[in-house]
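Dear colleague,

I am handing over the structure below, together with some notes from going through it. Please have the coordinates open as you read.

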Amino acid sequence: MPGPRLRGVIEGIPSYKPGRPAAPGGPVSYKLSSNENPYPPLPGVLESVTEAAGSLNRYPDMGCSALYAQLSERFGVPAAHLAAGTGSVGVAQQLLQATAGPGDEVIYAWRSFEAYPIITQISGAASVRVPLTGGAAREAHDLDAMADAVTDRTRLVFVCNPNNPTGAALTRAELERFLDRVPRDVLVVLDEAYREFVRDEAVVDGLELYRDRPNVCVLRTFSKAYGLAGLRVGFAVAHEPVAAALRKTAVPFGVSELAQEAAIASLRSEDALLERVEALVKERTRVLGELRSQGWTVPESQANFVWLRLGERTSAFADRAEEAGVTVRPFEGEGVRVTIGETAANDIFLQVAAAFLKEL
Ligand SMILES: Cc1ncc(COP(=O)(O)O)c(C=O)c1O
């Protein structure tokens with residue numbers, strides 16, 4: 001008997017590969033494979049979550065009203081322009097549900113965040129991948145080529161800024177020029193999952209660009225700098241009707257009360273957040289500097305990870321790192337992405353990198 005008929009697009013969807021966990025049982029082992037925050041939740045978060053856990057028999061506030069009030073104040077945007085979801089990847093998927101289907105095209109840089117091809121394929125739209133530019137020292141979006149790739153069928157463009165996995169970030173001038181070229185009926189999604197780690201002042205804050213551009217939507221997350229990856233909460237900032245479409249496509253009650261309360265408590269802990277992010281940025285500077293003095297060519301990263309283009313040596317490097325006590329994220333045949341973590345973990349990675357280079 002034939003099984004249930006599934007949509008054709010489901011076949012061949014690449015499955016999302018989570019970063020490998022730290023190896024159990026070794027003397028020391030650190031996970032540098034998922035761009036997580038090595039710090040525990042911010043002060044006040046555990047207390048809020050514990051209290052919220054007392055109401056697990058109730059559905060959460062579907063309108064996320066307290067969270068939107070807090071975000072609205074923090075970012076100076078109207079609450080009606082906010083839409084939270086189950087991680088920013090959940091919101092990205094809703095954006096596709098709202099804009100694209102069979103016969104449509106979705107543009108993104110490649111290599112970029114590996115969820116883009118998956119969620120695009122689920123939507124039924126075709127992926128249009130535009131290679132990164134600038135060689136191993138830059139690995140940035142080729143915005144001119146991306147603008148050239150726009151056709152009558154384009155419905156959405158993902159711009160990952162800073163780019164996962166290379167860390168390269170785009171300036172205001174570059175993005176404004178790009179946005180001026182994209183038709184107003186094409187949604188441009190500025191995925192700023194790593195915004196808090198940006199230190200280069202030329203790199204634009206998407207919230208400044210969205211204000212007078214109704215076709216721009218900014219994605220942010222509590223998973224990275226805020227350290228709440230396990231709770232699944234991210235959000236979009238967009239004008240109506242995009243924000244309204246996100247509310248319509250949301251899984252009902254998708255953002256748990258625990259996640260909402262944790263996000264609110266994290267926003268109230270801004271000082272501690274800034275301190276931790278600053279410490280990670282310092283470590284990033286140290287790691288990049290050390291890699292370069294070892295002789296590696298690495299793109300400037302504005303995120304909480306660094307990228308080594310290793311080509312065919314990618315999995316050998318990942319294996320070597322795991323043996324030494326750190327799991328990194330290999331992209332077969334291309335390179336490895338290594339999260340900036342605890343100082344001890346970063347040191348192990350640097351030792352592996354130094355030894356590996358000598359063997360080449
Ligand atoms: C560029 C980018 N966007 C979005 C996400 C998704 O984050 P979350 O769904 O946890 O908010 C990630 C996570 O790795 C990412 O790298």
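What follows is an account of the annotated lysine, the ligand, the cysteines and the backbone.

Please keep in mind throughout that this is a predicted model.

The annotated domain and lysine

An unreviewed UniProt entry lists residues 31-348 under "domain: Aminotransferase class I/classII large". Over that range the chain is 39% helix and 17% strand, and the C-alpha atoms at its two ends are 12 Å apart.

The record, again an unreviewed entry, also lists Lys224 for "modified residue: N6-(pyridoxal phosphate)lysine"; please bear in mind that such annotations may be inferred rather than shown by experiment. In the model, Lys224 belongs to the loop that runs between strand E7 (216-221) and strand E8 (234-237). With a relative accessible area of 15%, Lys224 counts as buried, because the cut-off for that class is under 20%. If one sets aside the neighbours within four places in sequence, the residues in contact with Lys224 are Ser34, Asn35, Asn37, Ala193, Tyr194 and Phe197.

The ligand

There are 13 residues around the ligand, and those that come nearest are Ser88, Tyr194, Thr221, Ser223 and Arg232. Tyr194, one of these, is also among the residues in contact with Lys224.

Three side chains place a polar atom at short range from ligand oxygen, and I give them one by one. For Ser223, an N or O atom of the side chain is 2.6 Å from an oxygen atom of the ligand. For Asn164, an N or O atom of the side chain is 2.7 Å from a ligand oxygen, and for Arg232 a polar side-chain atom likewise lies 2.7 Å from an oxygen atom of the ligand. On its own the ligand has 390 Å² of accessible area, of which the protein covers 94%.

The cysteines

How many disulfides does the structure hold? The number is 0. Cys160 is not bonded to Cys217, its closest cysteine by sulfur position, because the two sulfur atoms are 13 Å apart, which is too far for a bond, and a disulfide would require them to be within 2.5 Å. Both residues are nevertheless buried, Cys160 with a relative accessible area of 2% and Cys217 with a relative accessible area of 0%.

Backbone points to check

Two peptide bonds deserve a look in your viewer. The bond from Trp110 to Arg111 is cis, with omega near 10 degrees, and Arg111 lies in the loop between strand E3 (105-110) and helix H4 (115-123). A cis peptide bond also joins Glu240 and Pro241, where omega is about 5 degrees; Pro241 is in the loop that separates E8 from helix H8 (242-249).

There are also two residues other than glycine to inspect for a positive phi, namely Glu139 and Phe253. Phi of Glu139 is near 55 degrees, and this residue is found in the loop between strand E4 (126-131) and helix H5 (143-148). Phi of Phe253 is near 60 degrees, in the loop between H8 and helix H9 (257-267). Is each of these side chains buried or exposed, or something in between? Glu139 is buried, with a relative accessible area of 3%, whereas Phe253, at 32% relative accessibility, counts as partly exposed.

With best regards

Key. Residues numbered from 1 in each chain as written. Predicted model: local features only at pLDDT ≥ 70, side-chain atom pairs only at ≥ 80, totals over all residues. Heavy atoms only, no water. Helix = DSSP H or I, 4+ residues; strand = E, 2+ residues; numbered from the N terminus. Buried < 20%, exposed > 50% of the residue type's maximum accessible area, 1.4 Å probe, protein only. Contact = heavy atoms within 4.5 Å. Near = heavy atom within 4 Å. Polar contact = N/O pair within 3.5 Å; in protein donor to acceptor, adjacent residues only side chain to side chain. Areas by Shrake-Rupley, 256 points an atom, 1.4 Å probe, with all protein chains shown as cover.
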